[in-house]
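Trainee: Could you walk me through this one? I'd like to know what the terms rest on.

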Amino acid sequence: METTASTTSIASVTLEVADPEAALRFYTAFGVDTHIRLRASEARSTGFRGFTLALTVSGPATVDSFLGAAVDAGATVLRPAAKSLWGYGGVVQAPDGTIWKVATSARKDTGPATREIDEIVLLLGVEDVKAGKQFYVGRGMTVARSFGGKYAEFASGESGPVKLALYKRRGLAKDLGVPADGTGSHRVVLGSTGGPFTDPDGFAWEAATSPTPAPSTASALS
């Protein structure tokens, strides 16, 4: 499928947290504060929230650097960094409950660790990948990669570097090392260049008139 300009794309990612100031301190130490927004919320949420934010970086040393910074700032290790068939990576859970995966396709370092992020992917755990893909295509998003009913990835828009991808909920939970069950709010809201809507799995999108948030507890997508 040819890549064309999407009428809908991610302009911002807002995490709903109980304590925005504490969360900002954590995400600043982690090194991702310029890529997310934070919003105070006491919405009830139990178990797996149904999504993860995945960072792709240049090599194993950089993976370790990000994961180490997260743990030092209070994150819980869900999957220790390790080699696999696809590369090297690990998974941590932030104090606010958000799960983050940091990975690289490189098996060996070609240089020292950096704090550079090559790509950010927001992975939504969905019940039906094909139905979700059809929904988002209907919203004007362009499929970049698709693997049947297991995975679908969309082209990112010009407004920000975050890509959207869909993964089977149980498969995503297994990959992250957590039980798939969960209820209540996802505690994430996506800024949309195509107006407000809610997808079939309950993920909320709101109209984003600008990628620049208030400076107190949030940062714009860089």
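Mentor: Sure, and keep in mind that this is a predicted model. By the rule used here, the count comes to one cavity of 30 Å³ or more.

Trainee: What makes it a cavity and not a pocket?

Mentor: A 1.4 Å probe fits in a cavity but cannot get out, whereas a pocket is an open set, so this space is called a cavity. About 40 Å³ of space lies in the largest cavity.

Trainee: Which residues line the largest cavity?

Mentor: The lining is made of V13, V32, H35, I36, L53, L55, W100, I120 and V162.

Trainee: Why is one residue of that lining counted as polar?

Mentor: Val, Leu, Ile and Trp count as nonpolar, and His is on neither the nonpolar nor the charged list, so H35 is the polar one. That leaves eight nonpolar residues and no charged ones.

Trainee: What makes a set of residues a nonpolar core?

Mentor: Its members are buried residues of the listed nonpolar kinds, joined through side-chain atoms within 4.5 Å. The largest such core here has 44 residues, and L15, Y27, F30 and W100 have the most contacts inside it.

Trainee: What does F30 touch, leaving out residues up to four places away in sequence?

Mentor: F30 touches L55, F66, A69, A70, W100, V102 and R115. Apart from the largest core lies another one of 13 residues, including V91, I99, A165 and L172.

Trainee: How much of the protein is buried?

Mentor: Buried residues make up 48% of the 222 residues, with under 20% relative accessible area as the cut-off.

Methods:
Residues numbered from 1 in each chain as written. Predicted model: local features only at pLDDT ≥ 70, side-chain atom pairs only at ≥ 80, totals over all residues. Heavy atoms only, no water. Buried < 20%, exposed > 50% of the residue type's maximum accessible area, 1.4 Å probe, protein only. 1 Å grid on protein atoms, 1.4 Å probe; cavity = no way out; pocket = protein on both sides within 12 Å on 5 of 7 lines; lining within 4 Å. Points joined across faces, edges and corners; volume = space filled by probe spheres on them. Contact = heavy atoms within 4.5 Å.
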